[in-house]
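Thanks for coming. I will go through one model today, beginning with helix packing and ending with a pocket.

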Amino acid sequence: LGVPQEVITKIKAGVKTINKQIEDGDKPEHIDVGLSDEHRDALRDHHISEKRKVLQKEIPNFIYLPAELQAQLIQSAYRGGITGSSDTIDFINAGEWEKAADEFLKHDEYEGYKNQNIDNSITRRMEALSAELRKMID
């Protein structure tokens, strides 16, 4: 990817620092690791490409799905949601879209937020994927 090793080392150290802050119950701080816009974009594109490959293995008809559904699946894989939900993927592969949409939202963190009436980026992203899955229902 052309990212200098010293930047990669800073990123790894920054991740450890942020994880420690979270463990200690502190709000994570922004850490500037000196990543240029060009390197940041290259890393993002690389990660998206890798997540697309994972999804294409797990969902054989992935490339035939509508572009917006593909995008929602990729963003979810990027954040770890869909790839941790094998039942949802099984329902997608079986063409059982409503079951897939419902199953995807059976997620502890999502349900915890909803039970507390919290609407945040996590709930909105998960609901966006669920809505795209529902659009596939005939």
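Contact here means heavy atoms within 4.5 Å, and helices are DSSP runs of H or I with at least four residues, numbered from the N terminus. This is a predicted model, where local features need pLDDT of at least 70, side-chain atom pairs count only at pLDDT 80 or more, and totals for chains, interfaces and linings use all residues. Residues are numbered from 1 along each chain as its sequence is written, and side-chain values use heavy atoms, with hydrogens and water left out.

I start with α5, residues 97–104. Its buried residues (under 20% relative accessible area, 1.4 Å probe, protein chains only) are Trp-97, Ala-100, Ala-101, Glu-103 and Phe-104. Seen down the axis of α5, they fall within an arc of 170°, taken over the directions from the helix axis to the C-beta atoms, so they line one face of the helix. Those buried residues pack against α3, α4 and α7.

Next, α4, residues 86–93, which holds Ile-89. Ile-89 is buried, at 4% relative accessible area. Beyond neighbours within four places in sequence, Ile-89 contacts Glu-58, Ile-59, Ile-82 and Thr-83. Leu-55 lies 34 residues from Ile-89 in sequence, with 9.2 Å between their C-alpha atoms.

Last, the lining of the second largest pocket, where lining residues have an atom within 4 Å of a point on a 1 Å grid, and a pocket is an open set of points where a 1.4 Å probe fits, with protein on both sides within 12 Å along at least five of seven lines. Both α3 (67–79) and α7 (121–134) supply at least two residues each to that lining.

Terms used: Buried < 20%, exposed > 50% of the residue type's maximum accessible area, 1.4 Å probe, protein only.
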